[in-house]
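Colleague: Could you take me through this model and explain the words you use for it? I would like to see each value set beside its cut-off.

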Amino acid sequence: MSMIISASVIRVRDGLPLSASTDNEQGTGVQECRKYFKMLSRKLAQLPDRCTLKTGHYNINFISSLGVSYMMLCTESYPNVLAFSFLDELQKEFITTYNMMKTNTAVRPYCFIEFDNFIQRTKQRYNNPRSLSTKINLSDMQTEIKLRPPYQISMYELGSANGVTSAFSVDCKGAGKISSAHQRLEPATLSGIVAFILSLLCGALNLIRGFHAIESLLQEFVV
């Protein structure tokens with residue numbers, strides 16, 4: 001069935017959840033996607049302002065503006081134009097309802113949880129496309145998506161593979177790309193620590209020997 005499952009409002013700079021829809025969906029695929037929500041929330045500042053992550057039978061879409069991101073989970077068959085129109089409505093209502101100063105200074109998760117009422121009402125409308133099509137004009141969103149399609153996030157970019165973590169950079173057109181990779185350092189072992197200490201001792205002994213050799217040469221010149 002083509003439908004929106006859940007939505008969240010997240011602060012971009014630190015991934016703090018500001019509001020979220022209350023959902024009872026407990027399927028294995030949905031639970032896995034909620035993990036992706038958390039992973040994405042930590043990378044929002046590094047990603048373009050309109051993205052899609054395809055996760056099997058589900059898609060995660062989000063838009064970001066003025067330091068806040070609006071993220072939603074839907075089935076893979078749900079139309080892109082409806083998904084981003086839904087997010088656009090959430091964005092407009094949130095900006096109208098809340099002072100951006102409050103969102104910037106919020107310290108508690110879900111401190112705007114009452115926004116869930118609007119999320120739920122809007123989700124119900126968008127899950128009934130027949131009645132929705134007569135109430136909104138999707139032509140502008142269709143044109144916008146065609147001219148600037150959402151950036152497709154890969155699973156490799158989302159997480160890490162074989163100990164290598166991807167970093168992102170965003171060019172002026174909003175297209176994300178991998179800019180570098182950083183190798184994770186392995187934790188020090190006991191044998192490694194012992195070898196390091198022995199290396200320091202050997203270096204100190206060589207330094208002392210060098211001083212003695214210089215001292216001997218100086219004494220010969222004096223004699």
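The conversation below goes through the sheet, the helices, the cysteines and a few loop residues.

Modeller: Happy to! This is a predicted model, in which local features need pLDDT of at least 70 and side-chain atom pairs count only at pLDDT 80 or more, while totals for chains, interfaces and linings use all residues. Residues are numbered from 1 along each chain as its sequence is written, and side-chain values use heavy atoms, with hydrogens and water left out.

Colleague: What makes the strands an open sheet, and in which order do they stand?

Modeller: The order is E2-E1-E5-E4-E3-E6, 6 strands with mixed pairing. Strands here are DSSP runs of type E with at least two residues, helices are runs of type H or I with at least four, and both are numbered from the N terminus. Two strands pair if DSSP finds at least two bridges between them. E2 and E6 (151-153) each have a single partner strand, so they stand at the edges with one side left without a neighbour in the sheet. On average, neighbouring strands are turned by 20 degrees against each other, direction ignored.

Colleague: How do you know that E1 is paired with E5 and with E2?

Modeller: Count the bridges. E1 and E5 (residues 68-75) are joined by 7 and run antiparallel; Ser6 stands opposite Leu73 there. E1 and E2 (residues 17-20) share 3 bridges, also antiparallel, with Val9 opposite Ser19. Both counts satisfy the requirement of at least two bridges, so both are pairs. E1 and E2 also form a hairpin with 5 residues between them, and Gly15 in the turn has a positive phi of about 75 degrees. On the other side of E5, E4 (residues 58-65) pairs with E5 in the antiparallel sense over 8 bridges, and Ile63 has Tyr70 as its bridge partner.

Colleague: What makes you call E1 mostly covered?

Modeller: In E1 (residues 4-11), 8 of its 8 residues are buried. Buried means under 20% relative accessible area, exposed means over 50%, and partly exposed lies in between (1.4 Å probe, protein chains only).

Colleague: Why are H2 and H6 called roughly perpendicular?

Modeller: Two packed helices are described by the angle between their axes and the distance between the axes. For H2 (residues 80-97) and H6 (residues 139-147), the angle is about 110 degrees and the axes are 9 Å apart. Axes are lines fitted to C-alpha atoms, for helices over the stretch in contact, and angles run from 0 to 180 degrees between N-to-C directions. Angles under 35 degrees count as roughly parallel, over 145 as roughly antiparallel, 65 to 115 as roughly perpendicular and the rest as oblique. The pair is therefore roughly perpendicular. Contact (heavy atoms within 4.5 Å) is made by Asn80, Val81, Phe84, Ser85 and Asp88 of H2 and by Met141, Gln142 and Ile145 of H6.

Colleague: How do you know that there are no disulfides?

Modeller: A disulfide is a pair of cysteine sulfur atoms within 2.5 Å. The sulfur of Cys33 is 9.6 Å from the closest cysteine sulfur, in Cys74, so the two are too far apart for a bond. The structure thus holds 0 disulfides. Cys33 is buried, with a relative accessible area of 1%, and Cys74 is buried at 1% too.

Colleague: What makes Phe115 count as buried, and which residues is Phe115 in contact with?

Modeller: Phe115 has a relative accessible area of 3%, so it falls on the buried side of the cut-off. Phe115 lies in the loop between H3 (100-105) and H4. Leaving aside neighbours within four places in sequence, its contacts are Val9, Ser19, Leu90, Glu93, Phe94 and Tyr98. Phe115 and Ser8 are 107 residues apart in sequence and 9.8 Å apart in space, C-alpha to C-alpha.

Colleague: Why is the phi of Leu66 worth a remark?

Modeller: Most residues other than glycine have a negative phi, and most peptide bonds are trans. Leu66 is not a glycine, yet its phi is positive, about 55 degrees. Leu66 sits in the loop between E4 and E5, and at 56% relative accessibility Leu66 counts as exposed. Tyr110, in the loop between H3 and H4, has a positive phi of about 60 degrees. At 41%, Tyr110 counts as partly exposed.
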